[in-house]
Amino acid sequence: MNTSGQHPDLMRAVAQALRDCRLLVVLTGAGVSKESGIPTFRDALDGLWASYDPQRLATPRGFRRDPKLVWDWYQHRRALIAQARPNAGHLAIAALERYIEKVVVITQNIDGLHQQAGSRDVIALHGDIQRNKCFANCQGDPTYIDISTLTWDEEAGPPRCPHCGAYVRPAVVWFEEMLPPAELERAMYLSRVADVMLVVGTSGEVQPAASLPFLARESGVLIVEVNPAITPITRIAHWRLAGPSAVILPQVVAALAGDEDRD
Ligand code: APR
């Protein structure tokens with residue numbers, strides 16, 4: 001693997017690979033949202049929330065045990081995330097669509113910032129924190145509920161599903177839950193048939209998303225990792241661009257644009 005950092009030859013090689021690429025998959029994790037000021041799940045467990053165990057806040061068991069606690073935690077995180085804006089890394093990923101025939105973003109993030117940045121095809125493997133669904137999924141999985149049309153006593157806990165009366169919960173994937181099957185299947189398929197996979201800001205520790213670069217590598221896809229740190233994905237990456245995505249990805253787009261201008 002070439003690890004020569006931001007050597008111009010490496011950047012040129014990445015740009016050339018992207019020019020030749022017809023299907024690009026961009027797999028992202030919490031690192032891509034870091035420059036937008038979004039705390040990771042664990043980072044957000046501060047202040048008032050410091051004494052809580054993630055098992056109580058982000059599992060179906062935790063929600064059954066104390067729906068109000070879980071709902072309040074998500075309202076707190078939603079308020080933080082609602083203030084965030086896409087950063088230069090998200091914008092650069094969206095800009096890649098100008099140069100590459102098809103770009104699909106597969107994200108583990110629940111913050112919606114890729115969509116806000118303008119990426120048109122985003123697979124949100126872990127859901128969307130601003131949406132809600134019925135805890136019983138009474139009309140099929142997922143039964144999304146628009147809570148802006150509901151009135152309820154916020155001191156008492158989450159609203160109730162207007163169809164069945166079960167509690168409403170955030171439409172995110174909790175620990176111990178399966179990923180949405182259609183999204184996961186599409187992500188796996190695209191990981192196998194892509195020309196290039198950019199792996200950005202993910203620790204590669206959380207399954208099943210962490211297995212996607214391995215699937216891609218087995219299928220002969222060129223893997224380019226963007227991360228300031230070494231991860232379990234680094235050893236299977238063909239190239240590594242070391243640094244924050246908000247710095248590196250605009251450089252990638254600039255190199256791509258520069259190459260085009262020279263034609
Ligand atoms: N730019 C790019 N990458 C960065 C940056 C940055 N500015 N800062 C940190 N990183 C990298 C870290 O080096 C690390 O490898 O981002 C990665 C973040 O790792 P995690 O916090 O483990 O995030 P992620 O891989 O998305 O975790 C997956 O775990 O907590 C659950 O469901 C949650 O979706 C999340 C999942």
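Q: What is the volume of the largest pocket?
A: The model is predicted, with local features needing pLDDT of at least 70 and side-chain atom pairs pLDDT 80 or more, while totals for chains, interfaces and linings use all residues. Residues are numbered from 1 along each chain as its sequence is written, and side-chain values use heavy atoms, without hydrogens and water. A pocket is an open set of points on a 1 Å grid over the protein atoms alone where a 1.4 Å probe fits, with protein on both sides within 12 Å along at least five of seven lines. Taken as the space filled by probe spheres set on the points, joined across faces, edges and corners, the volume of the largest pocket is about 1200 Å³.

Q: Which residues lie closest to the centre of the largest pocket?
A: Lining residues have an atom within 4 Å of a point. Of the 40 that line the largest pocket, the closest to its centre are Ala30, Phe41, Gln108, His126 and Val206.

Q: Where does the largest pocket lie with respect to domain 1 and domain 2?
A: The bounds come from an automatic or database domain assignment. Domain 1 (1-38 + 84-126 + 179-263) and domain 2 (54-82 + 129-172) both contribute lining residues, so the largest pocket lies between them.

Q: Which residues lie nearest the centre of the second largest pocket?
A: The second largest pocket holds about 510 Å³ of space, and its lining draws at least three residues from each of domain 1 and domain 2. Among its 22 lining residues, those nearest the centre are Lys133, Asp141, Pro142, Val173 and Pro180.
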